[in-house]
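These are my notebook entries on a structure I went through by lookup. I record what I searched for and what I found.

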Amino acid sequence: MTTFFRNLIAIAIPVGTCSAIALTLPAPGYAAERLTLKLGPFQQSIQVADLETYARTGKVPSALQLYAPFLTSEFRKALTNRLELDPKISTQVVEELLRSTAGKRVLDSIRAAAPDLSLETLQAGFWLAARQLNGLDAIGVLKAIPQETITVDVTQAVGIASQLNFSYWKSQAISSLLEKNLLASSSAFRAPFDPAAPGSEFVQQQQFVFEDSARNRRLPIDLYWSSTTQAPLVVITPGFEANRKFLAYLARHLASHGFTVAAIEHPLIAQNGSIVSFDPERLISAEEFVERPKDVSFLLDELAKLNQSAGLRGKLNTQHVTVVGHSLGGYGALALAGAELRLDELREFCRTSGVFQRVPADWLQCAATQLPDRRLSLRDQRVKQAIALNPAIGQIFGKSGLQQVATPTLILTSTEDALAPAFSQQLQPFLQLPTPKYLITSIGATHLSVSDPVHFSIARAKGTLTKERQGQAVEPLRQLLQGVSLAFVAQGTPNASLYQPFLTSSYAQSLSTPALPLRLNTELPSNLTRWLSLVTLF
């Protein structure tokens, strides 16, 4: 063991929440140098340095030849996958990571593969590695564990690798930082009316079905309107395999305040309730990344014609449109607002990344690599504003495609979203967006938390990869979405100044609860911006 580790072990554990770890650590003098690998009835002792050599070079040392079938390229990427940390906030980040749901799950899995490690010893390895290396990777943590020999069940260890997705971990790690750093200096808020309350207009609703014969696309829509209406028109586009009822409560809310809303349903990929393929890169065709935004443009053409009919005449302002999209629909909203697809960068990410480096949103985006273009714009000049809720946009717009957005934008991110994690899919992309822009941050909400509690199937939510937080528990988020969306859409009307106070941090915090902290910001603090910029996009 190096002198560095002997000295560091006494100072690595911060005072306060982690003081219990310091009290239960083994005495200084050891760091992991050998692994005892168990494979069924067989076991073999190897040097940690041998595993590090394999991780660094890809060559299997003679001591690891027995385990060569397990040492796949993806397993190697899991070993070298690195979470960069800004030294100025590394202590907070690691603390939040280890306390998060995902962090606890991975720690439990590691202990299942290495049962002789105590929880405190394993946590100490994370602290020491972060302090020494300003980052975390599997080898660094392994070398930092204050225990000379570690016994590892090889089959269990391979299973752990599938959980080492740092994109989700990074979102978990900064959850508390977002809650504290995005807090407004003053939370007092007073207003003459409540924008989350239903409006005074009687809402009418009618279903239409539009057929685009040129593209062989059948598009059902629900149209909501009132006797009096004001610009702009609002179009709601749902996420992957969601229907036009996904945000029905939001559609009715906006219509009750005098806006006309068209909720579109894109052709579903599933056939008779079954997906076409279990290959994650074939869940959706590449063409859908073009066709879905084109569905909205086609709908605007048809609504322009409908605007001339009796009963709806003059209620459909298709020249001033706000698009509200969730998940894959959030991608579409931003594409229509001018974000440029950077398919050459997407191909590079999908070529070089492994299964353990991707989140579900990345798998969907990698399907778009089959498009023939290097860059692609789907901008519709009629779209004047865009609202993207939990958008899946981490890779498809590359590192600068979102700079081409030509409208005001509003982004919602949820810190417990495992399908489109906040860090890579919303927070880093938010830095690209030009102003004016707004960011709603919901601490503890999940991917489907904004869904309609009446019309969206709870059974469908249970089929996702994570436990979704829905229903009454996230009612404050739905109220905030109603109020902020109304205020945002109203910025395109003569009443813009009346609604501007509801696009502020104070308004969001007035609906915040201890169980569901809510934030609204127009920019991120410099310390968070620095870390978001520091960590390489996976």
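Entry 1, salt bridges. I searched the predicted model for salt bridges and found 18 in the structure. I then took individual pairs in turn.

I began with lysine 143 and glutamate 52, whose side chains meet in a salt bridge with an N to O distance of 3.3 Å. I placed the two residues in the chain: lysine 143 belongs to helix H8 (residues 138-144) and glutamate 52 to helix H3 (residues 48-57). They stand 91 residues apart, and the pair thus links distant parts of the chain. I also looked up the accessibility of each partner. Lysine 143 has a relative accessibility of 32% and counts as partly exposed. Glutamate 52, with a relative accessible area of 26%, is partly exposed as well. Both values lie between the cut-offs of 20% and 50%, so neither residue is classed as buried or as exposed.

I turned next to aspartate 212. Aspartate 212 forms a salt bridge with arginine 215, and the closest N and O atoms are 2.6 Å apart. I noted a relative accessibility of 9% for aspartate 212, so this residue counts as buried.

The next pair I examined was aspartate 295 and arginine 217, a salt bridge of 2.7 Å from N to O. Aspartate 295 sits in helix H13 (residues 288-306), whereas arginine 217 sits in strand E7 (residues 217-225). The separation is 78 residues, and I recorded this pair as another link between distant parts of the chain. Are aspartate 295 and arginine 217 buried or exposed? I found both of them buried. Following shared partners, I found that salt bridges join Asp212, Arg215, Arg217, Glu288, Glu291 and Asp295 into one network.

Entry 2, disulfide. How many disulfides does a search of the whole structure find? My search returned 1. Cysteine 350 and cysteine 366 form this disulfide, with 2.0 Å between their sulfur atoms. I located cysteine 350 in helix H15 (residues 343-352) and cysteine 366 in helix H16 (residues 360-366), 16 residues apart. I then read the torsion about the S-S bond of the two cysteines, which is about -95°, and the disulfide is therefore left-handed. Cysteine 350 has a relative accessible area of 11% and is buried. Cysteine 366 is buried too, at 1% relative accessibility. Both values fall under the 20% cut-off, which is why I list the two cysteines as buried.

Entry 3, threonine 441. I looked up threonine 441 and found the residue in strand E15 (residues 437-442). Its relative accessible area is 0%, so threonine 441 is buried. Which residues is threonine 441 in contact with, leaving aside its neighbours within four places in sequence? I listed Leu178, Leu182, Thr413, Thr415, Pro517, Leu518 and Arg519.

Entry 4, the whole chain. I closed with totals for the protein chain. I counted 22 helices and 16 strands. Of the 538 residues, 58% are buried. Among contacts with a separation of 6 or more, 77% are between residues 24 or more positions apart. I recorded an accessible surface of about 21,700 Å², and carbon and sulfur atoms account for 52% of that area.

Note on methods
Residues numbered from 1 in each chain as written. Predicted model: local features only at pLDDT ≥ 70, side-chain atom pairs only at ≥ 80, totals over all residues. Heavy atoms only, no water. Helix = DSSP H or I, 4+ residues; strand = E, 2+ residues; numbered from the N terminus. Buried < 20%, exposed > 50% of the residue type's maximum accessible area, 1.4 Å probe, protein only. Contact = heavy atoms within 4.5 Å. Areas by Shrake-Rupley, 256 points an atom, 1.4 Å probe, with all protein chains shown as cover. Disulfide = S-S within 2.5 Å. Salt bridge = Lys/Arg side-chain N within 4 Å of Asp/Glu carboxyl O.
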